[in-house]
Amino acid sequence: MADDADRAQVLIEQQEAFRNSLRAQAASASMQSAVSCIECDEPIPEARRAHIVGVQLCVECQAVNEAQARRYRF
């Protein structure tokens, strides 16, 4: 016969398993490469998507973002 502490422990383990499942789903979604650039909506070449996990930008937009990041570094 399970007491309250045992039932609470089972509930905690179920909640932790659920949270881990949600984290895994979020991580896999964020690791998926975009088919088209999120900035300009141009298609991202298959070779770029295959080599860069989670790529979201085309080459041109990535270059612009990197140039802007260099300009605004402290």
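This is a short tutorial dialogue on reading a predicted model.

Me: Before we look at any feature, what should I know about how the model is treated?

Reply: The model is predicted, so local features need pLDDT of at least 70 and side-chain atom pairs count only at pLDDT 80 or more, while totals for chains, interfaces and linings use all residues. Residues are numbered from 1 along each chain as its sequence is written, and side-chain values use heavy atoms, with hydrogens and water left out.

Me: How many helices and strands are there?

Reply: Helices (H or I, at least four residues) and strands (E, at least two) are DSSP runs, numbered from the N terminus. Here there are three helices and zero strands, in the order α-α-α from the N terminus on.

Me: What share of the residues is buried?

Reply: Buried means under 20% relative accessible area, exposed over 50%, and partly exposed in between, with a 1.4 Å probe and protein chains only. In this protein, buried residues make up 12% of the 74 residues.

Me: Which residues form the largest nonpolar core?

Reply: A nonpolar core is a set of buried Ala, Val, Leu, Ile, Met, Phe, Trp, Tyr and Cys residues joined through side-chain atoms within 4.5 Å. The largest one here has seven residues: Ala34, Cys37, Ile44, Val55, Leu57, Cys58 and Cys61.

Me: What does Cys61 touch?

Reply: Contact means heavy atoms within 4.5 Å. Not counting residues up to four places away in sequence, Cys61 touches Cys37, Glu39 and Cys40.

Me: Where is Glu39, and is Glu39 buried or exposed?

Reply: Glu39 sits in the loop between α1 and α2 and is exposed, with a relative accessible area of 53%. Leaving out residues up to four places away in sequence, Glu39 touches Leu57 and Cys61. Glu39 and Gln56 are 17 residues apart in sequence, and their C-alpha atoms are 8.5 Å apart in space.

Me: What else should I look at in that loop?

Reply: Try Val35, in the loop between α1 (4-31) and α2 (46-51). Val35 is exposed, at 59% relative accessible area, and touches Glu42, Pro43, Ile44 and Arg49, not counting residues up to four places away in sequence. Asp41 is in the loop between α1 and α2 too; Asp41 has a positive phi of about 70 degrees although it is not a glycine.

Me: How many salt bridges are there, and which residues form them?

Reply: A salt bridge is a side-chain nitrogen of Lys or Arg within 4 Å of a carboxyl oxygen of Asp or Glu. By this rule the count comes to three. Arg7 pairs with Asp4, with the closest N and O atoms 2.4 Å apart; both residues lie in helix α1, three residues apart, about one turn of the helix. Arg19 pairs with Glu16 at 2.9 Å between the closest N and O atoms. For Glu46 and Arg49, the closest N and O atoms are 2.1 Å apart, and these two are three residues apart in helix α2, about one helical turn.

Me: What about Arg48, in helix α2?

Reply: For charge, Lys and Arg count as positive and Asp and Glu as negative; His and the chain ends are not counted. Arg48 is buried yet has no salt bridge, and the nearest side chain of opposite charge, Glu66, is 6.6 Å away. A polar atom of the Arg48 side chain does lie 3.0 Å from the backbone oxygen of Leu57. Not counting residues up to four places away in sequence, Arg48 touches Val55, Leu57, Cys58, Val59 and Gln62.

Methods. Polar contact = N/O pair within 3.5 Å; in protein donor to acceptor, adjacent residues only side chain to side chain.
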